[in-house]
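This report describes salt bridges in a predicted model. The structure is shown first, and the discussion follows.

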2 protein chains.
Amino acid sequence: MNLKRYLPILQWAPQYHRGQVTSDLIAAVIVTVMLIPQSLAYALLAGLPAQVGLYASILPLVVYAVFGTSRTLSVGPVAVVSLMTAAALAPLAEVGTAEYIAGAILIAVMSGLMLTVMGLLKLGFMANFLSHPVISGFITASGIVIAASQLKHLFGVQSSGHNLLDIGASFLTSLPSTNVPTLFVGLGALLFLLWSRRFLKPLLKRLGLAERSADIFTKTAPILAVLLTTLLAWLLRLDEQGVRLVGAVPSGLPVFTMPSLEPSLWSQLAVSALLISVVGFVESVSVGQTLAAKRRQRIDPDQELIGLGTANLSSGLSGGMPVTGGFSRSVVNFDAGAETPAAGAYAAVGIALATLFLTPAIAWLPQATLAATIIVAVATLIDFPALGRTFRYSRTDFGAMLATIVLTLIHSVEAGIIAGVLLSIGLFLYRTSRPHSAVVGRVPGTEHFRNVLRHDVELCPKVTFLRVDESLYFANARFLEERVMDLITREPELTDLVLVCPAVNLVDASALESLETINDRLQDAGVRLHLSEVKGPVMDRLKGTEFLHHLGGEVYLSTFEAWRSLTGKTLLE
Amino acid sequence: MNLKRYLPILQWAPQYHRGQVTSDLIAAVIVTVMLIPQSLAYALLAGLPAQVGLYASILPLVVYAVFGTSRTLSVGPVAVVSLMTAAALAPLAEVGTAEYIAGAILIAVMSGLMLTVMGLLKLGFMANFLSHPVISGFITASGIVIAASQLKHLFGVQSSGHNLLDIGASFLTSLPSTNVPTLFVGLGALLFLLWSRRFLKPLLKRLGLAERSADIFTKTAPILAVLLTTLLAWLLRLDEQGVRLVGAVPSGLPVFTMPSLEPSLWSQLAVSALLISVVGFVESVSVGQTLAAKRRQRIDPDQELIGLGTANLSSGLSGGMPVTGGFSRSVVNFDAGAETPAAGAYAAVGIALATLFLTPAIAWLPQATLAATIIVAVATLIDFPALGRTFRYSRTDFGAMLATIVLTLIHSVEAGIIAGVLLSIGLFLYRTSRPHSAVVGRVPGTEHFRNVLRHDVELCPKVTFLRVDESLYFANARFLEERVMDLITREPELTDLVLVCPAVNLVDASALESLETINDRLQDAGVRLHLSEVKGPVMDRLKGTEFLHHLGGEVYLSTFEAWRSLTGKTLLE
């Protein structure tokens, strides 16, 4: 049982049958065709040689098939994680140096270790720290930064930077040195991809293809752009025209790579690796859950941490870059009919074959083509309407979202995400530190009690009923103290205060101290404190404490009982 | 009105009358007598010259009388803040050097600025980050560290360290060089103070003093120890016996001191100053609130930040150390009958007179006497039973408390408090990320719905009612997604799911996205999502969103209505 939990492959492999093999193989072919340009493109985006992207698309897919719980997630390099990798490495080494590549490999290893440990400790809930508005804002801003960073490849110029300001300034100053043949290739690829995104599917359908096949074929359009421009580069010897190509890629399968054990490097990359882990995990889990739900399957987030962790670990140890579950590839994998994670393992075989036999061709692939595929891919990540929606729905959520976007654009991806997380936790604590509470009075002639500010209710000058609409814990315990003291200073006639507690699901140790304090202060002021409608589990806990002995008043089962006992009035009065 | 808020002196000064002047003057004399040994002792504890403690007890008291809202708080140096000051300065400079003193002054200035800004921005709620168990554990551990750190003065040896391990090791190795006359003075003072704490009050009462007077007189016992040992030191020339005395103290009032403007020093001390600010504020506010409540007065926490902030700023700018409201002094001030903050200002005059005229006598005061007063004072801070109480009440709260205590003892005060705060926020987020939810069924023959696990209720195989017992926000939004997906994978027959929401006070943007996601996934799985008993304010917000248009099912006012409509059953069935 426990073995099946940690080795999800045991849940499906024993019943794996021929029908599934066929479905998985078909999906694998399609995913391979998508993954080849993506793995090359995201290696370029991360500032890494092409083979690092290919290696990251072989072993991790096999390992994920063993340890992952999603049946259809397609693991490999993705855009946002590649951008974060580049940003993390920028202060450490020059792009293209051996130190830079070693850094990327180390991030994959560290991220793999972190995710695996988080999974073993069942820390999947940590991903909840990334609220939806922060993730959404972060991905939109990252998409913009990624698209901007690729313009240099499209124009064949040299520029740099990891935020919009730097990239923009650097790109604009380098613009005079634009390489026209590169621009032709790049814009051509871009226009083809944009065209295929909009018109290829209707065209294929008119040519007689089924809806689903047309859809899947459309999503593999980048491989056509890759094939055409590679052929063009080879025929026209475009490298002699100044068009930058991918260049020589070592042929052959990845081998074991020893990661750096330099402690200073580990500590320099720790925060980046953690952020990459969490962002990658959140993205991957949300894709995985969405796809699993369509077939009424489930994924286990804590085991997913182990699945992604071991995938990253295997990526780093085989010379690859950080990986996670990619949205577009997983959807294609799902739509193409993948039924088990074996489809991923078959795609790994496809990439391995490409690494063995296609590298001479890949060498002729223009970088501008890859930049075009990146720009078209990330364009779908940018979601401006989400800003308006969030603004209209909640100003605090919008604040966290805006801070994330602005900092990601003008400073760095890491600053953006850290600011977003801290701000949303801070705003959340702030919001819960001021819980709703209301003085209630009796609806005349009934046993019901309602807010005096909203309803026409009966009051008693010497007894106040205060309803608390939130659990009591350290963030709001002192607020309750202030609320109560405010009440008794305003009403010098008061002799009894009843806390009405039906919405109090929890009273933590801080709140218990506050209740003791409130009780003591009320006694000093000559007011008795009572409780009513305390929930069962809360009462069970309170029974073990001194508080109930010190309590100046009583604990009433119902508020009406308290009313009757303290005011001497009955239902008919 | 607004002026009165920011200048609380305007709330009482216009009505200040002769009766109050008399009460305040009497209290001020008693507080002065307590404050002289305390200000000298806490300067010693912080590793600062005696006059720094005295200066911190003059101007800050006057400034607090203008800006503070507590009528009876006694501002000045306190034990825990002095320990934190010493710990913050230890890595920067040697005790006794000009840099060390400048550092302490800068901490007072920075802490003053931070508190004032927090007050102007109404950030008083930030103090809630320090939960009761963390504060309680921190103060117990600090008390132990402080007491241990004073042993060297009691034994007349040289030792160092800022945590229990270092202090203990250093003290034990230095023990052979114990100075016997010092030990006599120190132990004598210690025994006298312990005796007076236990037996002086009953004795005075037997001698005919009233309860209250006996109580107040007992609390001024340290001044007796100071007077006696000072006289002894002078008569016997104890300095020639190797007894360390306070030594020459510059006579005269404090003058304006320019704080260091060195940016690197500011950034090195920033975290320490923030922690000192928050700890001092929390302690001060809780003392102030307790005392105010006894007279049905109120204090305004945001204005208290300004009061303490300006007090610290004035302390630093007049060459003093960080200050806050002290517990024992404030209680004495209150019991002695202080009616307005003017009592504090009068005490400041008392300290100023001492600084002008008593410094030749103070020079003869043995440090061992001050150490004894510190040990006796902090002994009351140590609260071991709180550990047991917290452990029995809540394991999570105990975890945060224990981490604070252990780290404070074995590492440092700053590590202790930071670990405590982070752990309690983390545990809180963890706890709220798993909200209680229950599948409910109908109590037969009624309109009530109860948890199926606790009650014998009626169910319907195709319709599930899920009650959510918590507000929905980013910390638990994904948990709800998992809970729902778990439900529908377990019950393949399901056609309708009703979320019962009477306890949902808030749905933030993340939770709204999650509800959208749940709705989409349920639709993919052929299940309709309904809501029931949505609260008014939550419904108002949802009405402005797309969610209600996408919702597969209905929003029902009551759960029974949903039951009747979805199952076709009526009340009588």
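At what N to O distance do the side chains of A:Asp215 and A:Lys219 meet in a salt bridge? The separation is 4.0 Å. Both residues belong to helix H11 of chain A, which spans residues 211-219, and they are 4 residues apart, about one turn of the helix. A:Asp215 has a relative accessibility of 21% and therefore counts as partly exposed, since the buried class ends under 20%. A:Lys219 is likewise partly exposed, at 30%. The pair also takes part in a wider arrangement: A:Lys201, A:Lys205, A:Glu211, A:Asp215 and A:Lys219 are joined in a network of salt bridges.

In chain B, B:Lys201 forms a salt bridge with B:Glu211 at 3.2 Å between the closest N and O atoms. This pair links distant parts of the chain, with B:Glu211 in helix H11 (residues 211-219), B:Lys201 in helix H10 (residues 180-206), and their positions 10 residues apart. B:Glu211 is partly exposed at 44% relative accessibility, and B:Lys201 is partly exposed at 23%. B:Lys201 also forms a salt bridge with B:Asp215, the closest N and O atoms being 3.4 Å apart. Here too distant parts of the chain are linked, B:Asp215 lying in helix H11 and B:Lys201 in helix H10, 14 residues apart.

The distances of the three pairs are set out below.

| Salt bridge | N to O distance |
|---|---|
| A:Asp215 and A:Lys219 | 4.0 Å |
| B:Glu211 and B:Lys201 | 3.2 Å |
| B:Asp215 and B:Lys201 | 3.4 Å |

Over all chains, the count comes to 22 salt bridges.

How values were computed:
Residues numbered from 1 in each chain as written. Chains lettered and ligands numbered in written order. Predicted model: local features only at pLDDT ≥ 70, side-chain atom pairs only at ≥ 80, totals over all residues. Heavy atoms only, no water. Helix = DSSP H or I, 4+ residues; strand = E, 2+ residues; numbered from the N terminus. Buried < 20%, exposed > 50% of the residue type's maximum accessible area, 1.4 Å probe, protein only.
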